[in-house]
Amino acid sequence: MQKSNHYFFIDAVNKRIQEKDNEILSFQEEFYRMEAGSVGEKKLKLVLDDYPFKNEYSIFYNFECMNDRGFSHQIDALLITPFFILILEVKQISGTLCYKPALHEFYRITENKLRENFPNPFDQTFRHKLFLEQFLLQFNIVIPIHELVVIANYRAQLDDSLKGLPIIHLSGLPRYLENLFATYTSPLVNISMIDKKLQQIHQPLPARRSIEAHRLKHGVLCKKCNYCYKMHYARGNWICEKCNSNDRSALFEALHHYRVLIRPTISNKEFRDFVGIDSKFTASKILTRLGLEKHGDKKGRYYVIPEDIFYKE
């Protein structure tokens, strides 16, 4: 499944942020939450892959776009059928989940009896529903749109305060879909038309946070040493100064980090400063060998780091 730009950003920050940075714990906690969310999304995909759809359908995972007022939408999964559309919000949280409808307050009680508030998923999915209804209406497309919060952690308990709300455990999704298909039996739209319209507005959103370059560890970092030690360049290889392991792909990951944390273009000098190479000639040879798109001449030359640089080998 395609991960968001924000996921790549938080992942890269956690591998490069200085150990004494004041926000290191905040970035670590956000990464753990995103990892948990990613696990939940994979579980959802497995259930949908296994479900025996009897009609044509399409699914957008991690659907991202901007509305016409400049605000973003990020939907975990969007199921399109000729009969209805289903917005799915996946949660991989544990504990006892509770809700105060009058206050729109969604929270959990942990095993240690601690209370922790979360963004209200019902308001999130309702906002997505309003957007989709208005968007499709521009093309005279009217179709029922449902929202559902899916709890992917089987250990979570749903409090009685959630009764009547669109929230279920993931195991109940096939039965939920069967009920929807039993309710809506007449096809209303050609889903290829909706797919086309959604693909036109689908665009990866930028990361929701930023970080100053001076707060990051420079260098090609050793994955085996948990990104704590630098690697030096010797005869086409990158060798860890601590464990002496070789890893040519480490350079691609370093450039991927540079792209998501700093900018998608890099000059010879910026490359030397970031990866730790003194020789301008050696840096130029490496950049040329990578086959990066280049612009400008002499001192004004810069290279474009592609989105798939980490998977280039």
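A pocket, as the term is used here, is an open set of grid points with protein on both sides within 12 Å along at least five of seven lines. In this predicted model, the largest pocket holds about 1300 Å³ of space. Its lining comprises 39 residues, and those closest to the centre of the pocket are Arg33, Met34, Gln74, Lys91 and Arg208. Several elements take part in this lining, with at least two residues supplied by each of helix H1 (5-16), helix H2 (24-50), strand S1 (58-66), strand S2 (72-80), strand S3 (85-91), strand S6 and helix H3 (121-137). Among the contributors, H2 provides the largest share, amounting to 9 residues. When the lining of the largest pocket is sorted by class, 12 residues are nonpolar, 14 are polar and 13 are charged.

The second largest pocket has a volume of about 480 Å³ and is lined by 21 residues, of which Asn5, Phe8, Pro204, Arg259 and Glu307 lie nearest its centre. Helix H1 and strand S1, which each supply at least two residues to the lining of the largest pocket, also each supply at least two to that of the second largest pocket, as does helix H6 (249-261). By class, the lining of the second largest pocket contains 9 nonpolar, 6 polar and 6 charged residues.

Enclosed space was examined as well. Rolling a probe the size of a water molecule over the atoms shows where empty space is left. The structure holds 1 cavity of 30 Å³ or more, and the volume of the largest cavity is about 30 Å³. This cavity is lined by Arg16, Leu221, Tyr227, Ala250, Glu253, Ala254 and His257, and the largest share of that lining, 4 residues, comes from H6, the helix that also supplies at least two residues to the lining of the second largest pocket. The residues around the largest cavity divide into 4 nonpolar, 1 polar and 2 charged.

Three of the strands that contribute to the largest pocket, namely S1, S2 and S3, belong to an open sheet of 5 strands, which has the order S1-S2-S3-S7-S9 and mixed pairing. The edges of this sheet are formed by S1 and strand S9 (167-169), each of which pairs on one side only, and the twist averages 35° from one strand to the next. Strand S7 (residues 145-151) and the edge strand S9 pair in the parallel sense over 3 bridges, and within this pairing the bridge partner of Val149 is Ile167 in S9.

A further open sheet consists of 4 strands in the order S6-S5-S4-S8, again with mixed pairing. Here the edge strands, each pairing on one side only, are strand S6 (115-118) and strand S8 (157-158), and S6 is also one of the elements that supply at least two residues to the lining of the largest pocket. Within the sheet, strand S4 (residues 96-100) and strand S5 (residues 105-109) pair in the antiparallel sense over 5 bridges, with Lys100 standing opposite Glu105 in S5.

Antiparallel pairing is likewise found between strand S11 (residues 230-234) and strand S12 (residues 237-240), which are joined over 4 bridges. Tyr233 has Trp238 in S12 as its bridge partner. The hairpin of S11 and S12 has 2 residues between the strands, and Arg235 takes a positive phi near 55° in this hairpin.

Helix packing was considered last. Two packed helices are described by the angle between their axes and the distance between the axes. H1 and H2, both of which contribute to the lining of the largest pocket, pack at an angle of about 135° with their axes 9 Å apart. The two helices H1 and H2 are therefore oblique to each other, given that angles over 145 degrees would be needed for them to count as roughly antiparallel, and their crossing is left-handed. H2 also approaches helix H4 (residues 173-183), with axes that come within 10 Å and cross at roughly 50°. This angle makes H2 oblique to H4, and the crossing of H2 and H4 is right-handed.

Notes
Residues are numbered from 1 along each chain as its sequence is written. This is a predicted model: local features need pLDDT of at least 70, side-chain atom pairs count only at pLDDT 80 or more; totals for chains, interfaces and linings use all residues. Side-chain values use heavy atoms; hydrogens and water are left out. Two strands pair if DSSP finds at least two bridges between them. On a 1 Å grid over the protein atoms alone, a cavity is a set of points where a 1.4 Å probe fits but cannot get out, and a pocket is an open set with protein on both sides within 12 Å along at least five of seven lines; lining residues have an atom within 4 Å of a point. Grid points are joined across faces, edges and corners, and a volume is the space filled by probe spheres set on the points. Ala, Val, Leu, Ile, Met, Phe, Trp, Tyr, Cys and Pro count as nonpolar, Asp, Glu, Lys and Arg as charged, and the others, Gly among them, as polar. Axes are lines fitted to C-alpha atoms, for helices over the stretch in contact, and angles run from 0 to 180 degrees between N-to-C directions. Angles under 35 degrees count as roughly parallel, over 145 as roughly antiparallel, 65 to 115 as roughly perpendicular and the rest as oblique. A crossing is left-handed if the near helix is turned anticlockwise from the far one by less than a right angle, and right-handed if clockwise.
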